[in-house]
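Trainee: I would like to learn how to read a structure feature by feature, beginning with the sheet and ending with the backbone. Could we take the general idea each time, and then the case at hand?

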Amino acid sequence: MKVLVVDLELEAHDLFQRPVLNDNNPHIHNLIYLHEKSGNRMMVSYDLLDKIEKAAVDHRARLVIIDNISKLMPDSLKSGSAAYMISMLDRMRRNTGCSILVIGHTTKGNPKVCIQPTDYYGSSMLQNFFHELSFIDMTKDGSFFLCHAKTKQEECYMQTVPVFKRGRNSRFGIGFNFISLQPLSDIQLPETFADHSSKRQRNLSAYKRKKIRKLGAFPLLK
């Protein structure tokens with residue numbers, strides 16, 4: 001399967017040191033990296049999406065992986081920006097017939113507490129467009145697990161999740177190795193800002209205002 005990887009995070013030197021790019025697999029030519037040199041003016045947003053779509057068409061990609069969403073849309077909470085970006089991703093999908101995997105980073109908070117919905121909030125436009133929304137978090141013992149935040153597929157991992165160890169992989173160097181499926185309730189780190197008296201607001205702005213008012217640190221701005 002032809003795959004286009006759009007890597008906007010790694011430096012060129014680090015990227016091309018990856019074992020997968022030096023693999024002698026006879027199908028390695030199906031993997032194409034689109035990478036912006038650090039010395040060039042970094043494309044963002046719609047110009048970048050146009051460039052990605054052209055590369056996907058030229059390569060006849062069946063899968064496009066974009067790392068990461070902040071380069072496409074610096075503010076994921078603005079519905080207008082999200083709607084325009086989604087329309088361009090949808091155009092790419094229709095023009096190429098490819099599947100699209102977009103990587104995002106959750107808020108880098110306290111590593112001793114679990115990732116919560118407010119850590120990966122985005123516009124509802126984003127949440128409604130993607131068939132799958134998943135996140136990776138740490139377990140209590142320092143391993144990692146994959147959990148679905150949303151899925152439209154029959155198989156999902158919300159209560160019982162796959163757990164991985166990070167370290168040497170026999171084929172790809174440093175990576176993840178599957179351990180087992182385990183109950184999320186047994187392995188997940190504790191929550192923070194727990195408020196059991198009322199349901200947490202789904203709207204991020206309302207959630208922030210509520211926390212500021214509760215803490216009494218700042219006056220509520222209207």
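Trainee: Which residue in β2 does L4 stand opposite?

Mentor: Please keep in mind throughout that this is a predicted model. As a general idea, strands of a sheet pair through backbone hydrogen bonds, either parallel or antiparallel. Here L4 stands opposite I32 in β2, and this belongs to a pairing in which strand β1, residues 3–7, and β2 are joined in the parallel sense over five bridges.

Trainee: What is the order of the strands in the open sheet, and which are the edge strands?

Mentor: The open sheet has four strands in the order β2-β1-β3-β4, with parallel pairing. Its edge strands are β2 (31–35) and β4 (99–103), each of which pairs on one side only. From one strand to the next, the twist averages 15°.

Trainee: How many bridges join β3 to β4, and which residue in β4 stands opposite L63?

Mentor: Strand β3, residues 63–67, runs parallel to β4 and is joined to it by five bridges, and within this pairing L63 has S99 of β4 opposite it.

Trainee: Which side chains along β4 point to one face, and which to the other?

Mentor: In a regular strand the side chains alternate between the two faces of the sheet. Strand β4 shows this alternation, with I100 and V102 pointing to one face, where they are buried, while S99, L101 and I103 point to the other and are not buried.

Trainee: How many aromatic pairs does the structure hold, and what is the geometry of F135 and F145?

Mentor: There are four aromatic pairs in the structure. One of them is formed by F135 and F145, which meet edge-to-face, with 6.3 Å centre to centre and 70° between the planes; because planes over 60 degrees apart count as edge-to-face, the label follows from that angle. This pair links distant parts of the chain, since F135 lies in strand β5 (residues 132–138) and F145 in strand β6 (residues 144–151), 10 residues apart. Both F135 and F145 are buried.

A further pair, F144 with F176, is also edge-to-face, at 5.5 Å centre to centre and with 85° between the planes. Here F144 in strand β6 is linked with F176 in strand β8 (residues 173–183), 32 residues apart along the chain.

Trainee: Is F176 buried or partly exposed, and which residues form the aromatic cluster?

Mentor: F176 has a relative accessibility of 39% and therefore counts as partly exposed, whereas F144 is buried, with a relative accessible area of 17%. One aromatic cluster is formed by F144, F164, F176 and F178.

Trainee: How many disulfides does the count come to?

Mentor: A disulfide is a covalent bond between the sulfur atoms of two cysteines. In this model the count comes to zero disulfides, the test being a pair of cysteine sulfur atoms within 2.5 Å. As for the cysteines themselves, C98 counts as buried because its relative accessibility is 3%, and C114 is also buried, with a relative accessible area of 3%.

Trainee: Where is C114 found, and what is C114 in contact with beyond its neighbours in sequence?

Mentor: C114 is found in the loop between β4 and α5 (124–129). Leaving aside neighbours within four places in sequence, C114 is in contact with D119, D137, Q188, L189, P190 and E191. For P190, which is 76 residues from C114 along the chain, the C-alpha atoms of the two are separated by 5.7 Å.

Trainee: Is N30 buried or exposed, and in which loop is N30 found?

Mentor: N30 is found in the loop between α1 (12–15) and β2, and with a relative accessible area of 14% N30 is buried. Apart from neighbours within four places in sequence, the contacts of N30 are M1, K2, V3 and H59.

Trainee: Which peptide bond is cis, and which residue has a positive phi although it is not a glycine?

Mentor: Most residues other than glycine have a negative phi, and most peptide bonds are trans. The peptide bond from D67 to N68 is cis, with omega near 10°, and N68 has its place in the loop between β3 and α3 (69–72). R60, which is not a glycine, has a positive phi of about 55°. The place of R60 is in the loop between α2 (45–59) and β3, where R60 is exposed, with a relative accessible area of 67%.

Key: Residues are numbered from 1 along each chain as its sequence is written. This is a predicted model: local features need pLDDT of at least 70, side-chain atom pairs count only at pLDDT 80 or more; totals for chains, interfaces and linings use all residues. Side-chain values use heavy atoms; hydrogens and water are left out. Buried means under 20% relative accessible area, exposed over 50%, partly exposed in between (1.4 Å probe, protein chains only). Two strands pair if DSSP finds at least two bridges between them. Helices (H or I, at least four residues) and strands (E, at least two) are DSSP runs, numbered from the N terminus. Axes are lines fitted to C-alpha atoms, for helices over the stretch in contact, and angles run from 0 to 180 degrees between N-to-C directions. Rings of Phe, Tyr and Trp (its six-membered ring) pair if their centres lie within 6.5 Å; planes under 30 degrees apart count as stacked, over 60 as edge-to-face and the rest as tilted. Contact means heavy atoms within 4.5 Å.
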